[in-house]
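Work through the exercises below with the sequence and coordinates open. Each task is followed by a stepwise solution.

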Amino acid sequence: MKVGIIGLGLIGGSLGLDLRCQGFEVLGVSRREKTCNLALERGVVDKSSTSFSLLKEADVVFICTPIEAIAPTIERLIPHITPQTIITDVGSVKASVVESCSLLWDNFVGGHPMAGTAEQGIEAAQKDLFAGAPYVFTPTESTPTESLNKVEQLARSLEARIYICSPSAHDRAVALISHLPVMVSASLIDACESEIEPEVLQLARSFASSGFRDTSRVGGGNPELGVMMAKYNRQELLRSLSQYRQSLDKLIDIIDREDWETLEAILSSTRTARPRFLS
Ligand code: NAP
C-alpha cells in the first residue's frame with residue numbers, strides 16, 4: 001500500500017517513520033523544500049516533494065497540516081487523485097473539520113491520533129509516538145465502511161488504541177480533558193498574578209513549588225495552541241467551562257458556609273475519580 005502524508009511536521013513526520021517501519025511506501029508532501037529534504041534525510045519518507053502530483057498513486061493520504069489548512073489542502077489535492085483514494089486527517093478538533101472535508105471528498109475519514117510532544121516541526125518527529133496512545137476515528141453515516149477499516153488497520157499497525165465515536169462526542173470529551181485544563185490552568189496563573197499586594201505576590205512566586213508546577217503547566221504553554229482550541233472547539237469549550245464554573249461556585253458556597261463535611265465528601269470522591277482518567 002502507498003501512503004501519502006501532507007504536512008511533514010511532528011505528527012506527519014512521526015507517522016512517516018512508523019509507517020515506513022511497517023513496510024509501507026511513504027510519499028511525503030510539504031510546503032517548504034527544506035522540510036522535504038530533511039524528511040528524506042531523516043528516513044521519514046521514501047519520496048518527498050512540494051508538489052501534490054507526487055500523491056497520484058497514493059491509496060491513503062494523511063493530512064497533517066495545522067487545522068485551518070486541512071480543508072484548503074484537500075481542495076488543492078483533489079485534482080491529483082482518483083475517487084478511490086482515501087483521505088484522512090489528524091486534526092485535534094473534529095466536528096468542523098469533518099463537516100467541511102466530507103463535503104469536499106466522499107472518501108474521507110476523520111481521525112485524531114492523541115499523542116504529541118511540546119515540540120513542533122520535522123525535527124521533532126519521532127518513532128513510536130503513537131504506540132499505546134488513543135487514536136480516534138470519527139466516521140459519519142456517509143463514511144465508507146471499507147475506508148474506515150483501512151485507516152483503522154493502519155492505526156493498529158502503529159500499536160495505537162483505537163476508538164470510534166461521533167465528531168461531536170470526540171470534541172466534547174477532548175474539551176473536558178484537554179482544552180478545559182488549559183483554560184483552568186491559565187486562569188490559575190492569571191489569578192495569582194492579579195494579587196495586588198506586591199510583597200505577597202513576590203512571596204507567592206518564591207514559595208511556588210511542585211503543586212503549582214503541576215497545576216500551571218498546561219496554562220503556561222504555547223498561546224497559539226490555546227487560541228486554536230478555543231477557536232475550533234468553541235461550543236464544547238464553553239460548555240465545559242460552564243460545568244467548571246458550577247463546580248467552583250459549589251465549592252465557594254460550601255467553604256463560605258464552613259460545611260467541612262460536604263467538602264471532605266467532595267474531595268474524597270475526586271480522589272477516587274482521578275485514577276479513572278489516568279489509568
Ligand atoms: P507541526 O509540527 O507544526 O507540523 C505541521 C506541518 O504542516 C509543518 O511542518 C508545515 O510544513 C506544514 N504547514 C504549516 N502550516 C501550513 C499551511 N498553512 N499550509 C500547509 N502546510 C502547512 O504541527 P503538528 O503538531 O504536527 O500538528 C499537525 C496537525 O496534527 C494539526 O492539525 C494538529 O491539530 C494535529 N495534532 C497535533 C498534536 C500535537 O500534540 N502537536 C497531536 C495530535 C494531533 P513545512 O515545514 O513544509 O512548512
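**Exercise 1. The ligand site**

How many residues surround the ligand, and which are the closest?

Solution. The model is a predicted one. Step 1: select the residues around the ligand; there are 23. Step 2: pick out the closest, which are Ser-30, Thr-35, Thr-65, Ser-92 and Gly-121.

Step 3: turn to polar atom pairs, with a cut-off of 3.5 Å for N or O atoms. The side chain of Ser-92 places an N or O atom 2.6 Å from a ligand oxygen. For Arg-31, a polar backbone atom is 3.0 Å from an oxygen atom of the ligand. Gly-9 also takes part through its backbone, with an N or O atom 3.5 Å from a ligand oxygen.

**Exercise 2. The domain interface**

Describe the division of the protein chain into domains and the contact between them.

Solution. Step 1: assign the bounds. Domain 1 covers 2-165 and domain 2 covers 169-278. Their C-alpha centres are 33 Å apart. Domain 1 brings 13 residues to the contact, and domain 2 brings 10 residues.

Step 2: state the size. Interface size is often expressed as the accessible area that is lost when the parts come together. Here the area buried between domain 1 and domain 2 is about 850 Å², and carbon and sulfur atoms give 69% of that area.

Step 3: look for specific pairs. The rule finds 0 salt bridges across the interface of domain 1 and domain 2. It does find 3 residue pairs in polar contact there, with both residues at pLDDT 80 or more.

Step 4: locate the domain 1 side. Helices α3 (67-77) and α4 (95-104) each supply at least two residues of the side that touches domain 2. That side of domain 1 consists of 6 nonpolar, 5 polar and 2 charged residues.

**Exercise 3. Salt bridges**

How many salt bridges does the rule count? Analyse the one between Glu-236 and Arg-239.

Solution. Step 1: the count is 10 salt bridges. Step 2: in the pair Glu-236 and Arg-239, the closest N and O atoms are 3.0 Å apart. Step 3: both residues belong to helix α10 (residues 234-256), and because they are 3 residues apart in this helix, about one helical turn separates them.

Terms used
Residues are numbered from 1 along each chain as its sequence is written. This is a predicted model: local features need pLDDT of at least 70, side-chain atom pairs count only at pLDDT 80 or more; totals for chains, interfaces and linings use all residues. Side-chain values use heavy atoms; hydrogens and water are left out. Domain bounds come from an automatic or database domain assignment. Contact means heavy atoms within 4.5 Å. Buried area is the accessible area (1.4 Å probe) that two parts lose on being put together, summed over both. A salt bridge is a side-chain nitrogen of Lys or Arg within 4 Å of a carboxyl oxygen of Asp or Glu. A polar contact is a pair of N or O atoms within 3.5 Å; within protein, one must be able to donate a hydrogen and the other to accept it, and residues adjacent in sequence count only if both atoms are side-chain atoms. Helices (H or I, at least four residues) and strands (E, at least two) are DSSP runs, numbered from the N terminus. Ala, Val, Leu, Ile, Met, Phe, Trp, Tyr, Cys and Pro count as nonpolar, Asp, Glu, Lys and Arg as charged, and the others, Gly among them, as polar. A residue is near a molecule or strand if one of its heavy atoms lies within 4 Å of it.
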